[in-house]
Amino acid sequence: HLLEGERFSTQVGPLFLCILPCMRMQRILNEGPTRAKRGKPEVVQNGLLRPVTLSRGDLYKPPTADELNQLKEAESLFHCSLLKMQMEELLKEVSLSERRKQLIDSFVQSVTEQLQTVPQTSDMELSDLSWLSGGVKVPFVLVPKAAKGKFHMAPPISVTIIGSYPLGTCTKPGISVDLAVAIPADVLHPKDALNQRYPRKRAIYLAGLAQHLAASPAIGAMRYSCLHGNRLRPILLLSPPGKDSSSFTLRLHACPPPGFFKPSRFHPQRNNIRTDWYTGLGSSQPATSEPPTPHYNSSVLGDMLPSAHLQFLTAVSSQCAAFAEGVALLKVWLRQRELDQGVGCFSGFLGSMLLAYLLSCHRVSNTMTAYQLLRNSLHFLAFNDLTENGITLAKGPDSTPSLAEFHTAFQVVFVDPSGHLNMCADMTACTYKQVQHEASLSLQFWDDPTVDGFHALLMTPKPMIRTSDHVFQLCELVKLQCCCKKLNLLSELMDHSGNYVLTALPFILSLLQRGLGQRVRLLTHSLTPDPEVSILLDAPKHNTQPPLSFGLLLNPEQAASVLERGPPADSPKAEEFRQLWGSRSELRRFQDGDITEAVVWEGETTCQKRLVPRQLITHLLQLHADIPESCVRYIGGMLDDVIKVGREVCSTGEEESLKVVQSYDDLSRKLWTLEGLPLSITSVQGAHPALRYTQVFPPVPLKLDYSFFDREKLSRSLVPHEVKPCPVYITPIQVICHMEGSGKWPHDRVAIRHIKAAFHISLGELLTQHHHYTCQPSPTHLDVWKDGLVFRIQVAYHREPQVLRESVSPEGLLIVRDNAEAQALEMATMQRPLLTSTLHGLQQLHPCFGAVCRLAKRWLGAQLFSDDITEDTADLLVASLFLQPAPFTPPGSPQVGFLRFLHLLSSFDWRNNPLVVNLNSQLTGEHTHNIKNDFIASRESLPVMFMATPNDKKVSIWTKQAPTVQVRTHTCSTFTSMSHPISYLCSTLYTVVMRPPLDPYDVLIHLSPKQVPLLSQAVDPPHATFSRGILAGRVANTGGALPVIDFNPVTHYLAELRDAFGDLALFFYDPYGGTVIAVLWKPKAFTPLPFKTSQMVARRVEVSGEEAHTVPNVEAILEDFRVMGQGLVKSVEPRTERWVV
């Protein structure tokens, strides 16, 4: 950890100083407890990383030959010194232990012995399954039922281990060992390749094996599954008995004997499923006119070649020492992206073959390390498109199919060493494009010195719900039968043996790709998981699998466009455009005079435009695939309702924020042009979340109902009426106005405040005189009523914080000492305006940044955490997701950004790592490295959540005050518990996600909804509404009485509670319309204290013997809650089952 982020120099000398101590530290740790104790190399204490210490002898001992070799390797091969050690530890973690290997070998031997004793049966019809006993079922959907041929059970002619285990590339977790069971030749017939006879015999043979093995006590649970979801290739899963049942799984593959079928029979252009047999209807067409069945053919071929593939990979791996480790790293990379399992996946087998291809064509060297093999593999995937230019491992005769023939039958082509099998036969073009995209992204992040590439790319999972901007699911998969019928996919349905899901999928993807066009950068789909069922259950139907999920990675420039502009009316492509869009296509004349085909989608506001892809997708699926909208569950804007503003037009605040910014810009220009001030204005800066588009509910222009209010006698300003509901809450928008420096400014803090007050008065008079604004000056600020909004202008003098730090000692010496008052002023007048302008710029680059911030802060408020994770802190947390999104791309929708925000809070190691927010990309790799080192050295004195920015590398000013350790622990546990159900978002779940869990709290103070001014912003707003003194209609730009500003009774009540009882309890509240204040007693609140007359507030005396102690007077405290909140508090609910006095 001392070397994290450090790049190697080109000289060996300085390198010794950085990597040699760590190498020796690792050696000491590995030498056993005696040496470790003497060297005191502990690096973790109480969960915190500590700088390691080495003895002088260990530190300055001359390097050994082994250390010199490792130094040279690390310097020349790795991105940073720590990466080498991380890779080594990861490989140790995923490798199989010797004990596990012994267990596997013992179990394989036991199963092999059992298989040799399979009893032989007499011949019977293939359709006769009466001989199966014990309720064992056949793992195959026998449709059509008619099948010719004879079958009998017999012991296998051979049982061999295949796959990754003998190759040494088997990794954790999910250890699977493959066993090839060769079916006797007399059980099969040379013509069994026709009409599913071989796959059916294969499945029945597996059922016979399952029936035989079920009686053995040496075998635990048995289940059926499919190899990568291919229903034509069922497998039998065996688990060892007892406590080791979950340590690994043995997979039995039934295979034909070597050389039984001719590979040429399974050419991708040949047919092996007859139409008349499959449909049950007579057919007069000859066999030569039958459609090809390439996918069926590749399924049979896949059973014929596993031993040959193992021999090939063994020969290649023997020439490269790091082959197994390189494959292991590639498997980890694939697993984190959910690409290694399911139908059409990029499996570990494909990864091994890819590495073998790179070695065989000398793209990589035999002497490369595992890290280099991984990088070169990713580089090949990123820059080679196998959907257009396939690759082959074959070096055999010309009788094998050509790459062009494979491309006509399959979307992705990677041919095995035999030259007959396309190993990517089931992979869709979209899946390979996803692999390409992920590889390109990984290389980009790995070369970025500010990114921890190892953690981001090999340790961070990337589920679809957090990777794709929008996700939708096809729920009723049985509807895809109608899709196949409408698209006339009988030939493809035969090829996939009736699996209408896999048949329709490529055509649905192609349709969506055409319709979405430039709106998306990437279209992905879920890989149907391998089904696992008991051997006593029938094979699952095709519609029993989980919903088919699709992910959209949006192109932010075009995704929200409501116009789909087509070709000119007289263009040959116009008919194709009309055919694609159907009735939605119409001729339109544009301002440039062109008359073209066009489609216009509904959408007025930003949140409606964000869901244009939903309209497009549902229309295309209904029109071309007969999939009704009710079957499409679109997860793109499910959480928008909690931040919606207004009722007439649906909006999530973007338009309202823009109006606030426009009004502020107008006020700023007018302030700049004011004349008659003693000093000129040097800058006008916004310091309010609304001016960076992150206010949860941005201020909206209001037209006041003056009859609702009373008037203050002197200024005639509006004041709340005593008997009416609390008036609407009007938030003041902070504006910082810096005045120029001058010798006229006094050097006394009180005098400076008087000068600032005079400036507030002058500014108010000038704004009233020149622009007729209603203004109300005060010593600390100037309130301006403009466009139905209130702007709070605060005059600032750049040297005032320094003046606050200065004091004179009794001896007349000038003392400069930092203090809370100076820090608060500096944050309000310098740091927060700078943050606002920076985040405003980030919003211009990423249009959904503001919406993600609003969702995150709305959730924090709903969970009662907004006082501990402030608005500025939340905005910076969200900004980090956009500025350093590794391993993702920047969020393209509010929903995915919000999910990543929750994952960040729940998974980030706050105790041992700083969160670096690289605003404006000002921090380099060296800066990041120094921040981490300083953080480790000073961890105990730093805040619980440490966030570093370019202007704040060592202090973390935004989290210095909050949260505390206890609150952070509480919030992180809530984040973790909430992150799982959110992954299954649906239309009715968003309120459940937002509602706070009130069970952990000790007292609940229920408030009167009538006196909660922000009641309409609640997650569950009441049906009954209250008049808050506002009218509908156009808002006047200027004039009118000054409204009631920043008046929220709940906020004042909370402040009084914390001031009075803050030593006994914590108070939590949802500032966005919450009607409950939750109270949590502090752990030591009820500890008896010695009697003191000065400490009798809210306490009572208890006498025990001769000693008197005081304890909290709970009854009096609860009564005080009611009295202090008279008129606001509805009831106080003590939850006595939670605590005891």
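Select Glu 586 first: in this predicted model, Glu 586 stands opposite Ala 598 in strand E18. This pair serves as the entry point to the sheet around it.

**The three-stranded sheet**

Extend the selection to strand E18, residues 595-600, which is joined to E17 by four bridges in an antiparallel arrangement. A further pair to display here is Arg 588 with its bridge partner in E18, Thr 596. Next, show the connection between the two strands: E17 and E18 form a hairpin with five residues between them. Within that turn, Gly 593 has a positive phi of about 95 degrees.

Now turn to the other partner of E18. E16 and E18 pair in the antiparallel sense, again through bridges, four in number. To locate this pairing, select Leu 563, whose bridge partner in E18 is Val 600.

With these strands displayed together, the order can be read as E16-E18-E17, an open sheet of three strands with antiparallel pairing. Which strands stand at the edges? They are E16 (563-568) and E17 (586-589); each has a single partner strand, so one side of each is left without a neighbour in the sheet. Viewed along the sheet, neighbouring strands are turned by 45 degrees against each other on average, direction ignored.

Add helix H22, residues 574-581, which packs on this sheet and touches E16 and E18. The direction of H22 makes about 150 degrees with that of E16.

**The four-stranded sheet**

Move to a second sheet, in which four strands are arranged in the order E13-E15-E12-E19. This sheet is also open, and its pairing is antiparallel. Select E13 (520-525) and E19 (632-635) to see the edges: each has a single partner strand, so one side of each lacks a neighbour in the sheet. Here the average turn between neighbouring strands is 20 degrees, direction ignored.

For a detailed view, display E13 together with strand E15, residues 548-554; they pair in the antiparallel sense over five bridges. Val 520 stands opposite Leu 554 in E15. Then add helix H24, residues 612-625, which lies across E12 (470-474), E15 and E19. H24 runs at about 165 degrees to E19.

**The annotated region**

Colour residues 467-625 as a unit; this is one of the ranges that an unreviewed UniProt entry lists for "domain: Nrap protein". Over residues 467-625 the chain is 36% helix and 23% strand, with the end C-alpha atoms 27 Å apart. Another range in the same list is 998-1132. Over residues 998-1132 the chain is 18% helix and 27% strand, and the end C-alpha atoms are 14 Å apart.

**The nonpolar cores**

Which residues have the most contacts inside the largest nonpolar core? They are Leu 252, Phe 414 and Leu 474, in a core of 160 residues. Centre the view on Leu 252, which touches, among others, Val 111, Leu 115, Leu 179, Ile 235 and Leu 238. A second, separate core has 44 residues, including Phe 697, Cys 848, Cys 853 and Trp 910.

Continue to Leu 902, found in helix H31 (residues 894-907). Is Leu 902 buried or exposed? Its relative accessible area is 1%, so Leu 902 is buried. From here, draw a distance to Ser 1027: the two C-alpha atoms are separated by 36 Å, for residues 125 apart along the chain.

**Backbone details**

Two cis peptide bonds merit inspection. One joins Val 143 and Pro 144, with omega about -5 degrees; Pro 144 is in the loop between strands E3 (124-125) and E4 (150-151). Another runs from Lys 172 to Pro 173, with omega near -10 degrees. Pro 173 is in the loop between helix H7 (164-167) and strand E6 (176-182).

Positive phi values come next. His 772, a residue other than glycine, has phi near 60 degrees and is in the loop between helix H26 (749-771) and strand E25 (774-777). His 772 is exposed, with a relative accessible area of 54%. Asp 1046 has a positive phi of about 55 degrees and is in the loop between strand E33 (1030-1031) and helix H35 (1049-1061). At 33% relative accessibility, Asp 1046 is partly exposed.

**Confidence**

Finally, colour by pLDDT. The protein averages 88, and 90% of the residues score at least 70. Over residues 28-42, pLDDT stays under 50, and the model has twelve contacts for this stretch beyond four places in sequence. Residues 979-984 are also below 50, with seven contacts beyond near neighbours in sequence.

How values were computed
Residues are numbered from 1 along each chain as its sequence is written. This is a predicted model: local features need pLDDT of at least 70, side-chain atom pairs count only at pLDDT 80 or more; totals for chains, interfaces and linings use all residues. Side-chain values use heavy atoms; hydrogens and water are left out. UniProt positions are given in the numbering used here, feature names are shortened, and annotations may be inferred rather than shown by experiment. pLDDT is the predictor's confidence in each residue, from 0 to 100. Contact means heavy atoms within 4.5 Å. A nonpolar core is a set of buried Ala, Val, Leu, Ile, Met, Phe, Trp, Tyr and Cys residues joined through side-chain atoms within 4.5 Å. Buried means under 20% relative accessible area, exposed over 50%, partly exposed in between (1.4 Å probe, protein chains only). Two strands pair if DSSP finds at least two bridges between them. Axes are lines fitted to C-alpha atoms, for helices over the stretch in contact, and angles run from 0 to 180 degrees between N-to-C directions.
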